Amino acid sequence: MTKSYLNIAFIFLALIYSNLSAQKYFVAFTDKSNNKYSINTPQEFLSQRAINRRANQNIKITQEDLPVAQFYLDSLTKMGVKVLWPSKWLNGAIIQSGNTALIDTITRVSFISDSKLIWKSSSTIHSEKFINKEITLPTKAGLLSDYAQSFTQTTVNGHFLHQNGYTGKGMFIAVFDNGFGRADYLPAFDHLWNNNQINDAIDIVNPGNDIFNSDYFHGMYVLSTLGGYIEGEFKGSAPDANFLLFRTEDDASEYPIEEYNWIIAAEYADSAGVDVINSSLGYYEFNDPSMNYSYTDLDGKTSVCVKGAETAFSKGILIVNSAGNEGESSWKYIITPSDGENVLSVAAMTADSTKASFSSYGPTYDLRVKPDLTALGVNTTVQGINGSLVKLNGTSFSTPVISGFATCLWQAKPELSNKELLQILRKSGNQYDNPDDSFGYGIPNFLYALNVNSSIDEFTSENHFRITPNPFSNKIIINSNLNLWVKTNITIYDILGNMVYNKHLNYSHDILIENLEKLSPGLYVLQLELSNQKYNFKIIKK
């Protein structure tokens, strides 16, 4: 072997060793001195949408909003480390180096207050975090042409928002996930691309990578639940919203760096002016057990990620996060950042409104109600990887059901702050007065949320109906604040769209529907048609 080949071999081995030994750290800065930015000129580091969101909610721009000092980042680079991402909220940076002696030296630099190991190479291959087995749907379109097989997940009365023209148009949603494989050409996303509704797509894990050219599909599934649309077959919860997509998860490992990635994405989303963050993610256990969280850390204040989520909320963003799928594990509890006081944590239920066995339990360690709400997370309809519609399970999919409809609600009520919106959403839960550790405040009612005023005290719509009992055994009573005699048509459908009851009648203040004892137990949709208006309600047979 010649000398040149020996040199090439040595360099190659050195590169392998460097990659294996490289570790990632978060270094915190002491201050934001030497900064060229000022809170008096926020347009230099915040978009106009971000500035407007703060102004609309009376939120001040502070030193926390300033980018980190470029002088500090340049100094780190000159010291021989690779700067991956700066963080203005944490006032520091994620760096990479295989030289532990250098890291020890850096921690003694005057502008560095602390350093923390957040990722290291490992011979242990982490098992895939997002294992989703697709179940192909039958070809029958089912109930309501716009929704078809996806109608069941809209029956938190979210479809009333769509029927009133609130489909997320003009709103911005950030989606944090592990990858969005094939979302650039699968049919449920055609309208998003045709209408320029995908505003950005960023890989925080491997900067510069194409998050669509990926074998990670979890984010694609989640995005379809939010913004997917196939005419006559499928409709997501916010099909006309704009989306910013972030890959924050590394499926090959589980380390705290993903919490920092989450915060980096949240900072970017905030600066871009997003309204809602959907995060079907969570943390408590890592490859290195010494880094694990304990249940005592689930207090809404301890984890890195929950600190970032609460900061994002303080900027006027609504944060919606999955409760977790740990209900059958030894951990069993929700995962962070769902423990955040101002994070809307979403559990999963079945089509008949019973708890999904895998859905994580509350409360937080300091005994606050968690999860907050629940939605369909068993057999949720999503876009499949081969072009067909499929069903998947997980709080990952109940979460975008809620975040999408919450976005539509905010479109309908732009005068609300994120705090007021969060309060209305919790108040709309069917067990708000008696929350538990499975569903929290329960199943939200977006018709209620749409029709209440900002003080959440009363209905303002003349179209207010109440169905009791629900669940029912053999009869249903429909009450309304209307007192009109009009021709009325009552139809009940099963979840496949089969009509199982139909009756024409004259309608007054109350409607009695009897002789339902022969219906099989399960979920049904009651459609009330009067004065050329159709109203759909989820009902459950015991």
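The questions and answers below go through the helices, sheets, cores and loops of a predicted model.

User: What kind of model is this, and at what pLDDT do side-chain atom pairs count?
Analyst: Residues are numbered from 1 along each chain as its sequence is written, and side-chain values use heavy atoms, with hydrogens and water left out. The model is predicted; totals for chains, interfaces and linings use all residues, local features need pLDDT of at least 70, and side-chain atom pairs count only at pLDDT 80 or more.

User: How many residues of helix H10 are buried?
Analyst: Helices (H or I, at least four residues) and strands (E, at least two) are DSSP runs numbered from the N terminus. Buried means under 20% relative accessible area, exposed over 50%, and partly exposed in between, with a 1.4 Å probe and protein chains only. H10 spans residues 304-314, and its buried residues include Val-304, Glu-310 and Phe-313. The helix is mostly covered, and the number of buried residues out of eleven is nine.

User: Which helices are among the elements that cover the buried residues of H10?
Analyst: Contact means heavy atoms within 4.5 Å. The cover includes strands E4 (112-120), E11 (276-279), E12 (318-322) and E13 (343-349). It also includes two helices, H9 (257-272) and H12 (418-427).

User: Which residue with a positive phi follows H10?
Analyst: The phi of this residue is near 100 degrees. The residue is Gly-316.

User: Which strands are at the edges of the four-stranded open sheet?
Analyst: Strands of a sheet pair through backbone hydrogen bonds, either parallel or antiparallel. Two strands count as paired if DSSP finds at least two bridges between them. Here the order is E2-E3-E1-E4 and the pairing is antiparallel. An edge strand pairs on one side only, and the edge strands are E2 (82-87) and E4.

User: Which residue of E4 stands opposite Phe-29?
Analyst: Strand E1 (residues 23-29) runs antiparallel to E4, and seven bridges join them. Opposite Phe-29 in E4 stands Ile-112.

User: At about what angle does H9 run to E2?
Analyst: Axes are lines fitted to C-alpha atoms, for helices over the stretch in contact, and angles run from 0 to 180 degrees between N-to-C directions. H9 lies across E1, E2, E3 (92-97) and E4. Its angle to E2 is about 55 degrees.

User: Which helix gives the most residues to the largest nonpolar core?
Analyst: A nonpolar core is a set of buried Ala, Val, Leu, Ile, Met, Phe, Trp, Tyr and Cys residues joined through side-chain atoms within 4.5 Å. The largest has 91 residues, and Phe-243, Trp-262 and Ile-277 touch the most other members. The helix that gives the most to this core, with nine residues, is H11 (residues 395-412).

User: How far apart are the axes of H8 and H11?
Analyst: Two packed helices are described by the angle between their axes and the distance between the axes. Residues of H8 (218-227) that meet H11 include Tyr-221 and Leu-226, while those of H11 include Phe-397 and Val-401. The two helices pack at an angle of about 35 degrees, and their axes are 8 Å apart.

User: Which strands are at the edges of the seven-stranded open sheet?
Analyst: This sheet has the order E7-E10-E6-E11-E12-E13-E14, with parallel pairing. Within it, E12 and E13 run parallel and are joined by four bridges, and Val-320 has Leu-344 as its bridge partner in E13. The edge strands are E7 (198-203) and E14 (373-376).

User: Which residue between E15 and E16 takes a positive phi near 105 degrees?
Analyst: E15 (residues 380-383) and E16 pair in the antiparallel sense over four bridges. Gln-383 stands opposite Leu-389 in E16. The hairpin has five residues between the strands, and the one with this phi is Gly-387.

User: Which proline is joined to Gly-362 by a cis peptide bond?
Analyst: The omega of this bond is about -5 degrees. The proline, placed in the loop between E13 and E14, is Pro-363.

User: Is Leu-367 buried or exposed?
Analyst: Leu-367 is found in the loop between E13 and E14. Its phi is positive, about 70 degrees, although it is not a glycine. Because its relative accessibility is 68%, Leu-367 counts as exposed.
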